[in-house]
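I opened the notebook to go through this structure piece by piece. These are my entries, in the order I looked things up.

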Amino acid sequence: MLATQYPFEYDRTRPFMEQVGEWVGDVFYEILPEAGFEVRDEQIYMAFQVERAFAEKKTIFAEAGVGTGKTLVYLLYSICYARYKGKPAIIACADESLIEQLVKPEGDIAKLAKHLNMNIDARLAKSPDKYMCLKKLDHARNNDDGSLPLESLYGTLPDFVHSHAPMQQFHAYGDRRDYPDLNDEQWNKINWDTFQDCFTCDMRHRCGQTLSRDHYRKSSDLIICSHDYYMEHVWTYEARKREGQIPLLPEHCAVVFDEGHLLESAAMKALGYKMKHVVFEELISRLLQNEIRETLAVLIDEAIMQSEQMFKHIRRQCRTIPGSDRKSIELNASLIREVHRMRSVIAAIEEELVFESGLYTIDEYQLRIVEERLETIEIALRLFEDSGALICWATEDSDGLTLSVMPRNVKEVLQDSLFTQKMPIVFSSATLSVDKSFQYLKDSLGIHDFLSFSVDSPYDYEHQMNIYVPELQSGDFAEKMKISLKLIQQTEGRALLLFRTREELLQFKQLNSLRAESSKYSFLYEGDQEISYLISAFQRDEHSVLCAVTLWEGLDIPGPSLSNVIIWSLPYPPLDPVFMAKRAETSNPFEDVDLPYMLLRLKQGMGRLIRTGTDQGIVTVLAEAEGQHPVHEYITSVLPKGTKLQKLEV
């Protein structure tokens with residue numbers, strides 16, 4: 001390995017990380033200040049704490065307030081370590097909007113490359129659902145879907161998609177960001193989803209998702225992905241190897257979880273199984289297209305009928321959850337019997353496939369894919385044998401119910417597959433602790449051995465931020481609406497409204513469209529367009545208003561465009577099956593689950609306001625009294641240093 005790979009002269013006789021630390025010191029004390037950067041003591045302190053995690057290959061909770069420059073710190077160490085190990089480092093962000101902000105032309109990676117005169121090889125590994133699916137696009141055209149601009153969508157496809165000529169070079173296409181005017185509902189009609197069978201797709205080698213995957217795997221420095229995608233990599237790693245598939249991410253030397261307090265939610269989303277009747281029927285019916293024995297054909301018909309019967313029972317046991325698109329499933333003896341029958345039929349088919357494989361009448365590759373899928377379904381259904389071992393729920397779309405099943409022991413999966421790896425793992429966020437304790441995050445993720453530190457933001461919050469709580473009379477939607485619009489008028493737009501649920505946002509959108517006083521401002525709603533496009537539009541139009549559900553973290557809008565943050569309600573976790581299961585595991589669910597989650601998210605929401613030393617503005621929390629809960633005390637406990645909770649005169 002040549003010393004020229006490093007941004008400093010490498011002495012092989014000395015510890016590598018020690019030399020990286022010396023170079024990082026030069027960067028923060030000399031190079032960046034000469035380029036006009038303001039370097040703070042908090043940033044230097046963080047740098048040498050993170051250095052220890054890389055040197056000792058340990059997990060570290062790096063809690064650093066807004067403005068400490070934590071992103072620059074972990075990027076510098078990750079790049080050097082990647083070059084030393086000859087493997088890329090993974091930067092996993094909480095969502096796609098955070099990814100875009102990291103890699104945008106004026107983002108931190110571009111700044112480092114420019115001012116340190118470095119060529120940084122950073123490539124995006126976006127989640128599959130952020131790419132167009134050619135098969136779903138064709139399906140929409142065949143069904144003459146008038147809600148989609150099909151002609152223009154096909155016009156964006158490169159020529160090689162429908163050509164048999166060899167491709168000469170990588171050409172990215174089909175990214176969600178390329179279609180900003182499609183709302184989420186339209187995008188979901190043409191994007192990849194869990195039930196797309198990429199293994200047997202005849203377009204897979206010309207698919208934008210596949211081509212992007214081939215591209216990012218060759219990165220030498222950094223691969224940037226979402227928490228969801230990294231957890232999907234962890235969960236599918238062994239299965240993909242068994243199938244003869246390449247893991248989603250290549251071998252890597254370190255992982256940084258930006259906004260690391262959100263990793264548990266991503267793990268819960270990824271570490272599970274999904275099953276849908278129409279997809280199962282299509283999968284198992286493939287076998288009927290081959291010359292198979294009658295006994296297997298009979299079992300396949302039985303499996304299709306049993307699947308239909310099982311999903312009928314699931315539908316009967318579904319219960320709607322307010323504020324969630326997930327439906328809880330009440331397990332009873334009848335449903336468990338149907339699941340057991342389904343498992344038995346699948347087990348019988350698997351035994352028959354052993355005989356069929358010896359006859360060589362079924363394509364070997366197709367057979368392997370079907371066997372792998374059946375094994376996955378069987379594992380998922382096996383969890384129902386012990387109802388205490390699983391968390392399950394259902395969602396519904398035009399194709400019927402989707403059954404989602406996940407093991408309750410997510411912590412054990414993470415411990416075995418991630419935290420036992422001998423590599424640096426950095427959790428970075430302004431909010432990792434509750435009352436300066438990392439116990440909540442540690443317990444949620446099952447981490448036993450870790451380093452940690454906390455440094456406050458250097459900003460003068462006392463003079464930059466005012467935080468208000470109005471005395472609500474009724475606390476109903478109409479009253480909150482009236483207060484919000486008055487606040488928006490006071491700041492002439494320039495506002496971010498943060499909602500706890502999508503239902504709250506949609507209700508606000510509907511009622512706001514009827515208010516004449518709102519017409520003078522441009523209201524932007526999450527879900528109407530691609531998220532990074534919405535954020536850019538909000539930043540460009542100083543008097544606009546951005547309404548969002550997922551932007552409690554990561555949104556970075558310096559300057560007057562964001563001078564007013566309105567928090568619609570305290571962001572307690574949803575009443576969905578995942579959090580219900582967490583609550584069931586503790587004797588004090590409010591203190592152990594709901595309150596820590598809410599406080600971390602509330603603190604993040606407040607943190608959207610002040611992004612530079614010159615920003616100023618107001619934060620208003622529309623929190624009504626909640627029985628015996630001291631709401632004002634909760635809010636006060638997460639206020640930035642120097643600020644006080646003030647009464648808002650309505």
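**Entry: Ser 428**

I started with Ser 428, which I found in strand S11, residues 425–429. I keep in mind that this is a predicted model. Is Ser 428 buried or exposed? Ser 428 has a relative accessible area of 0%, and the cut-off for buried is under 20%, so Ser 428 counts as buried.

Next I asked which residues Ser 428 touches. Leaving out residues up to four places away in sequence, I got Met 46, Ala 62, Lys 70, Tyr 74, Phe 257, Asp 258, Glu 259 and Gly 260.

**Entry: Glu 259, then Arg 494**

Glu 259 was on that contact list, and I followed it up. Glu 259 lies in the loop between strand S5 (255–258) and helix H11 (263–270). Its phi is near 55 degrees, a positive value in a residue other than glycine. I noted that because most residues other than glycine have a negative phi. Glu 259 counts as buried, at 7% relative accessibility.

I found another such case at Arg 494, where phi is also positive and near 55 degrees in a residue other than glycine. Arg 494 sits in the loop between helix H19 (477–490) and S14. At 15% relative accessibility, Arg 494 is buried too.

**Entry: strands around S17**

From that loop I moved on to S14, which spans residues 495–498. S14 pairs with S17 in the parallel sense, over four bridges. I looked up one bridge: Leu 497 has Ile 566 in S17 as its partner.

What else does S17 pair with? Strand S18, residues 617–621, pairs with S17, again in the parallel sense and over four bridges. Here Asn 564 stands opposite Ile 618 in S18.

Then I checked which way the residues of S17 (564–567) point. Asn 564 and Ile 566 point one way, Val 565 and Ile 567 point the other way, and all are buried. I jotted down the general rule beside this: in a regular strand the side chains alternate between the two faces of the sheet.

**Entry: helix H1**

I turned to helix H1, residues 16–34, with 19 residues. From first C-alpha to last, H1 reaches 26 Å, close to the 27 Å expected at 1.5 Å a residue. Where does H1 bend? The bend is at Val 27, by about 40 degrees.

I listed buried residues of H1, among them Phe 16, Met 17, Val 20, Trp 23, Val 24, Val 27, Phe 28 and Leu 32. The buried residues of H1 pack against helix H2 (41–56), helix H3 (70–85) and helix H5 (108–115). Just after H1, I came to Gly 36, which takes a positive phi of about 100 degrees.

**Entry: nonpolar cores**

Trp 23 and Phe 28 of H1 came up again when I looked at the largest nonpolar core, which has 52 residues. Which residues have the most contacts inside it? They are Trp 23, Phe 28, Tyr 77 and Ile 91. H3 gives the most to this core, with 10 residues.

I looked closer at Tyr 77 and its contacts, not counting residues up to four places away in sequence. Tyr 77 touches Met 17, Val 20, Gly 21 and Val 24, and the list also includes Ala 47, Phe 48, Val 50, Glu 51 and Phe 54.

There is a second, separate core of 41 residues, which includes Tyr 461, Phe 538, Ile 567 and Leu 609.

**Entry: aromatic pairs**

How many aromatic pairs does the structure hold? I have 31 written down. Phe 8 and Phe 16 have ring centres 5.9 Å apart and planes at 40 degrees, so I logged the pair as tilted. Both of these residues, Phe 8 and Phe 16, are buried.

Phe 499 and Phe 508 form a tilted pair as well, with 5.5 Å centre to centre and 50 degrees between the planes. Phe 499 is buried at 0% relative accessibility, and Phe 508 is buried with a relative accessible area of 0%.

I ended with a cluster: ring pairs link Phe 61, Tyr 230, Phe 257, Phe 419, Phe 427, Phe 438 and Phe 450. Phe 257 was already in my notes, as a contact of Ser 428.

Definitions and conventions
Residues are numbered from 1 along each chain as its sequence is written. This is a predicted model: local features need pLDDT of at least 70, side-chain atom pairs count only at pLDDT 80 or more; totals for chains, interfaces and linings use all residues. Side-chain values use heavy atoms; hydrogens and water are left out. Helices (H or I, at least four residues) and strands (E, at least two) are DSSP runs, numbered from the N terminus. The expected span of a helix is 1.5 Å times one less than its number of residues. The bend at a residue is the angle between axes fitted to the seven residues ending there and the seven starting there. Buried means under 20% relative accessible area, exposed over 50%, partly exposed in between (1.4 Å probe, protein chains only). Contact means heavy atoms within 4.5 Å. A nonpolar core is a set of buried Ala, Val, Leu, Ile, Met, Phe, Trp, Tyr and Cys residues joined through side-chain atoms within 4.5 Å. Two strands pair if DSSP finds at least two bridges between them. Rings of Phe, Tyr and Trp (its six-membered ring) pair if their centres lie within 6.5 Å; planes under 30 degrees apart count as stacked, over 60 as edge-to-face and the rest as tilted.
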